[in-house]
Amino acid sequence: MEEKCEAIDLNKCHQVVSDLINKAGEIIDTRNAHRKEFLTKQGDIDLVTETDKEVESLLIKGLQNEFPNHRFIGEEESSAEGAPHKLTDSPTWIIDPVDGTMNFVHAFPHSCISVGLVVKKVTELAYVFNPMLKQLFYARRGHGAFYNNQSITVSGQKQLSNALITSEFGTSRDPEKMKVVKENFSKLVEKAHGIRMLGSAALNMSMVALGAADAYYEFGIHAWDVCAADLLVREAGGVVIDPAGGAFDMMSRRALAAATPELAQELSANLTQFYPQPRDD
């Protein structure tokens with residue numbers, strides 16, 4: 001049975017998930033000091049650790065206890081079952097327990113928990129938390145975006161030549177995709193002010209919300225990578241679109257976030273496009 005949006009107590013949701021994220025963050029923080037054992041999910045360099053599984057289980061079980069009618073789309077759960085759960089109109093928590101697992105297994109302190117609450121396919125609450133550096137990003141639809149309890153806004157940058165861009169090579173080493181990735185990096189290194197790769201899609205996008213970076217794009221990400229950060233960017237005054245210039249589709253595995261519509265469109269016009277398959281839905 002699908003729960004109606006008006007029946008949801010978002011204040012309670014915020015309180016419950018905030019407590020769970022803090023507990024999960026303690027687990028990640030205490031385990032980041034040393035390199036970890038890991039497994040690959042589907043070849044390439046898509047990694048998973050026991051911490052990924054433990055954190056996702058803690059979050060889902062804790063939320064299920066309080067909200068038994070809610071649904072979940074989690075990275076590790078989706079990987080184990082072979083495909084993500086379908087996104088419906090029901091309240092759905094979209095969770096990445098450790099975004100930046102490659103960083104985590106190397107004890108590089110730039111990983112995060114990413115959690116978004118989606119109701120009727122609209123993201124209402126968003127959390128991105130890097131426990132090692134105590135960086136907490138939070139947004140509620142219509143209420144703005146915050147970094148460690150301080151209101152944040154995007155940079156306002158409009159020109160690609162003055163923009164700091166974030167992106168990633170991604171976890172897939174598919175030759176067709178890598179050709180596009182390298183081509184885009186080659187073009188942008190000549191046109192943008194700078195390019196950064198932080199190893200986490202959610203944190204890359206959060207930097208756009210913070211105003212520390214001006215734009216982000218990536219092909220091959222998943223809904224759990226960008227669900228929360230999409231709301232963060234938009235509540236901070238930025239835009240999130242499809243890299244080809246159209247409307248953003250969270251399940252498409254493609255995203256472009258920018259401080260302004262002008263920068264978004266200029267960046268889009270300079271990108272060679274790639275369409276990952278399958279989609280998340």
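# Exercises: buried faces, packed helices and odd backbone angles

In helix 2, the buried residues are Thr 51, Asp 52, Val 55, Glu 56, Leu 59, Ile 60, Gly 62 and Leu 63. Keep that list handy for the exercise below, and remember that this is a predicted model.

## Exercise 1

Work out where the buried residues of helix 2 sit when you look down its axis.

**Solution**

Step 1. Find the helix. Helix 2 covers residues 50-66, which makes 17 residues. From its first C-alpha to its last, helix 2 reaches 25 Å, close to the 24 Å expected at 1.5 Å a residue.

Step 2. Look down the axis. The buried residues of helix 2 fall within an arc of 165°, so they line one face of the helix.

Step 3. Check the other side. There you'll find Glu 50, Lys 61 and Asn 65, which are exposed.

## Exercise 2

Now try helix 8: find which of its residues are buried, and which elements they pack against.

**Solution**

Step 1. Helix 8 runs over residues 261-269, and its buried residues are Leu 263, Ala 264, Leu 267 and Ser 268.

Step 2. Seen down the axis of helix 8, these residues fall within an arc of 135°, so they line one face.

Step 3. See what that buried set touches. The buried residues of helix 8 pack against helix 5 and strand 10, and also against strand 12 (215-219), strand 13 (239-241) and strand 14 (254-258).

## Exercise 3

Describe how helix 6 and helix 7 pack, giving the angle and the distance between their axes.

**Solution**

Step 1. Get the two numbers. Helix 6 (residues 201-210) and helix 7 (residues 223-235) pack at an angle of about 5°, with their axes 9 Å apart.

Step 2. Put the angle into words. Angles under 35 degrees count as roughly parallel, and that makes helix 6 roughly parallel to helix 7.

Step 3. List who meets whom. Helix 6 brings Ala 201, Ala 202, Met 205, Ser 206, Val 208 and Ala 209. Helix 7 brings Asp 225, Val 226, Ala 229, Asp 230, Leu 232 and Val 233.

Step 4. Sort the contact by class. You get 9 nonpolar, 1 polar and 2 charged residues.

Step 5. Ask how enclosed helix 6 is. In helix 6, 9 of the 10 residues are buried, so it is largely enclosed by the rest of the structure. Among them are Leu 203, Asn 204 and Met 207.

Step 6. See what comes next. Helix 6 is followed by Gly 211, whose phi is positive, near 90°.

## Exercise 4

Decide whether Glu 168 is buried or exposed, and find its contacts beyond four places in sequence.

**Solution**

Step 1. Place the residue. Glu 168 is in the loop between strand 10 (164-166) and helix 5 (175-191).

Step 2. Compare with the cut-off. Buried means under 20% relative accessible area. Glu 168 has 14%, so it is buried.

Step 3. List the contacts. Leaving aside neighbours within four places in sequence, Glu 168 touches Val 181, Phe 185, Met 197, Leu 198, Gly 199, Ser 200, Asn 204, Tyr 217 and Glu 218.

Step 4. Compare sequence with space. Glu 168 and Ala 201 are 33 residues apart in sequence and 7.6 Å apart in space, C-alpha to C-alpha.

## Exercise 5

Do the same kind of check for Val 17: where does it lie, and what is it in contact with beyond four places in sequence?

**Solution**

Step 1. Val 17 lies in helix 1 (residues 10-30).

Step 2. With 0% relative accessibility, Val 17 counts as buried.

Step 3. Apart from neighbours within four places in sequence, Val 17 is in contact with Leu 63, Trp 93, Val 115 and Tyr 127. You've already met Leu 63 as one of the buried residues of helix 2.

## Exercise 6

Find what is unusual about the backbone at Lys 120, Asn 148 and Pro 278.

**Solution**

Step 1. Recall the usual case. Most residues other than glycine have a negative phi, and most peptide bonds are trans.

Step 2. Take Lys 120, in the loop between strand 5 (112-119) and strand 6 (122-130). Its phi is positive, near 55°. Lys 120 is partly exposed, at 44% relative accessible area.

Step 3. Move to Asn 148, in the loop between strand 8 (145-147) and strand 9 (150-152). Asn 148 has a positive phi of about 50°, and at 32% relative accessibility it counts as partly exposed.

Step 4. Finish with Pro 278, in the segment after helix 8. The peptide bond from Gln 277 to Pro 278 is cis, with omega near -5°.

Definitions and conventions: Residues are numbered from 1 along each chain as its sequence is written. This is a predicted model: local features need pLDDT of at least 70, side-chain atom pairs count only at pLDDT 80 or more; totals for chains, interfaces and linings use all residues. Side-chain values use heavy atoms; hydrogens and water are left out. Axes are lines fitted to C-alpha atoms, for helices over the stretch in contact, and angles run from 0 to 180 degrees between N-to-C directions. Helices (H or I, at least four residues) and strands (E, at least two) are DSSP runs, numbered from the N terminus. Angles under 35 degrees count as roughly parallel, over 145 as roughly antiparallel, 65 to 115 as roughly perpendicular and the rest as oblique. Contact means heavy atoms within 4.5 Å. Ala, Val, Leu, Ile, Met, Phe, Trp, Tyr, Cys and Pro count as nonpolar, Asp, Glu, Lys and Arg as charged, and the others, Gly among them, as polar. The expected span of a helix is 1.5 Å times one less than its number of residues. Buried means under 20% relative accessible area, exposed over 50%, partly exposed in between (1.4 Å probe, protein chains only). The arc is that of the directions from the helix axis to the C-beta atoms.
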